[in-house]
Amino acid sequence: MKKLSVILLMMLSMQALHAVTLRYYPYELKLRHAFNLASMSRRATPGVQVEITIDSITGYGEASMPPYLGESVESVCDFLSKVDPDRLADPFAFEQTGRYLDSIAPGNRAAKAAIDIALHDIASKITGQPWWRLYGLDTSELPFTSYTISNDTPDELRKKLAESEPYKILKVKMGVEGDRELIEFIRRHTDRPICVDVNQGWHSPQEALDNIQWLAQRNVIFIEQPLDKTDMEGHRWLKQRSPLPIIADEAVQTSADIPALADAYHGINIKLMKSGGMHDAYKMAMLAKSLGLKVMIGCMTETSLAVSAAAQLAPLADWVDLDGNLLIANDIFEGMTIVDGRVSLPSSAGIARKTGISE
């Protein structure tokens, strides 16, 4: 009876929805600390905030553009300028809307994710249910999230470790000079489990294997994207020999990529800015599990809006890395929280902006 009531509510709501507006604006995310990766360092991440209003219901979306995605504020705004708001009038038509967005231009997944997230937000507000309920997922025991630490000076590393105290798992960026010294420094301060993200920073399968064998003795859980994303042969070789699971990140974007990766990785890292939003991210998780792959739900540097959207899939994940909102100083949304290191999802529908926060 409850499901029937929700469906009837959706149908009645759709009959009344007709006026659609699309608004978007740049919003730079300011980092609390420098973010140091294998190939670069940054103190901010460009972003674009999106608002879609269908009659009186406003849904929020977000595009976050770390450099490796190849998108920019300009490219996202250019893509969004070509979107006909009237084609977004049905917030439940995710497949149809996805095909329409793909017809505008290929790629542009962060821009498409912003639209997809906003439509999911509207659909959630119409039904009065969060998406984890609409997916029928069990939130009784959600995973612990990792907390990211990138290489830095000893003083800055001590600050980062102090901030990480509430979290049960650390995520460490490697693939930079001083890899092992960084792990040893952390191990002098804590014995908490570590997951390692190399961001394609190791240069050969043998170098990767040597590092992984060393890390396996230091309470490391898994290794994320150790080699160049195009080196499928190297990853196949490594998967056969690695004592730790190998997780694809840059190598996997959408559900279409997953079948070819199954023999080269033990699992995949799903991120909304790569997948184009929640709809394909859900399909990615289900397909990966059907192929026997581990599922990780991750994020970019994002506000609580996009992180909360990704967190709706946390019950499907073996691991989650949902700390992107914790790393910025100018979050403008409220959403999922971390309680004793574990993801906690609100039972309320939709996302809300913080009060008293200007753009």
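In this predicted model, helix H6 covers residues 154-163, and Arg158 and Asp155 sit 3 residues apart within it, so about one helical turn separates the two. Their side chains meet in a salt bridge, with N and O 2.8 Å apart. As for Arg158, its relative accessibility is 40%, so it counts as partly exposed. The general idea is simple enough: side chains of opposite charge can pair when their charged atoms come close.

That pair has plenty of company, since searching the whole structure turns up 21 salt bridges. Another one brings together the side chains of Asp78 and Lys82, at 3.3 Å from N to O. Both partners are partly exposed here: Asp78 has a relative accessible area of 41%, and Lys82 comes in at 49%.

Things look rather different for Asp249 and Lys271. These two also form a salt bridge, their closest N and O atoms lying 3.0 Å apart. The partners come from distant parts of the chain, 22 residues apart: Asp249 belongs to the loop between strand S10 (246-248) and strand S11 (267-270), while Lys271 belongs to the loop between S11 and helix H10 (272-275). Is Asp249 buried or exposed? With a relative accessible area of 0%, Asp249 is buried. Lys271 is buried too, at 6%; the cut-off for that label is under 20%. Salt bridges can also share partners, and that is how Lys171, Lys173, Asp197, Glu224 and Asp321 end up in one network.

Glu224 from that network leads on to the sheet. Strand S9 (residues 220-224) runs parallel to S10, and 2 bridges join them. Glu224 has Ile247 in S10 as its bridge partner. S9 and S10 are part of an open sheet of 8 strands, which are ordered S6-S7-S8-S9-S10-S11-S12-S13 and pair in parallel. Which strands stand at the edges? They are strand S6 (146-149) and strand S13 (319-320); each has a single partner strand, so one side of each has no neighbour in the sheet. In general, strands of a sheet pair through backbone hydrogen bonds, either parallel or antiparallel.

Helix H2 (residues 73-81) shows how a helix can have a buried side. Its residues Val73, Val76, Cys77, Phe79 and Leu80 are buried. Looking down the axis of H2, these buried residues fall within an arc of 160°, so they line one face of the helix. What do the buried residues of H2 pack against? Their contacts take in three strands, S1 (20-26), S4 (47-54) and S5 (57-64), along with two helices, H3 (94-104) and H4 (109-127).

Aromatic rings pair up as well, and the whole structure contains 6 aromatic pairs. In one of them, the ring centres of Trp131 and Tyr135 are 5.3 Å apart and the planes meet at 50°, so the pair is tilted. Trp131 and Tyr135 are both buried. They also belong to a cluster, in which ring pairs link Phe94, Trp131, Tyr135 and Tyr282.

Phe222 and Trp319 make a tilted pair too, because their planes are at 40°, with the ring centres 4.6 Å apart. Phe222 lies in strand S9 and Trp319 in strand S13, so this pair ties together parts that are 97 residues apart in sequence. Both rings belong to buried residues: the relative accessible area is 2% for Phe222 and 17% for Trp319.

Rings can have charged neighbours as well. Arg342 places its charged end over the ring of Phe144, 4.0 Å from the centre of that ring. In a second case, Arg353 lies over the face of Phe333, at 5.9 Å from the ring centre.

Last come two backbone oddities. Most residues other than glycine have a negative phi. Gln200, however, has a positive phi, near 70°. Gln200 is found in the loop between strand S8 (194-197) and helix H8 (205-215), and its relative accessible area of 24% makes it partly exposed. Asp340 also has a positive phi, near 55°. Where is Asp340 placed? Asp340 sits in the loop between strand S15 (337-339) and strand S16 (342-344). With a relative accessible area of 55%, Asp340 is exposed.

Definitions and conventions. Residues numbered from 1 in each chain as written. Predicted model: local features only at pLDDT ≥ 70, side-chain atom pairs only at ≥ 80, totals over all residues. Heavy atoms only, no water. Salt bridge = Lys/Arg side-chain N within 4 Å of Asp/Glu carboxyl O. Buried < 20%, exposed > 50% of the residue type's maximum accessible area, 1.4 Å probe, protein only. Helix = DSSP H or I, 4+ residues; strand = E, 2+ residues; numbered from the N terminus. Arc of directions from axis to C-beta. Contact = heavy atoms within 4.5 Å. Pairing = 2+ DSSP bridges. Phe/Tyr/Trp six-rings, centres within 6.5 Å; stacked < 30°, edge-to-face > 60°. Lys NZ or Arg CZ within 6 Å of the ring centre and 35° of its normal.
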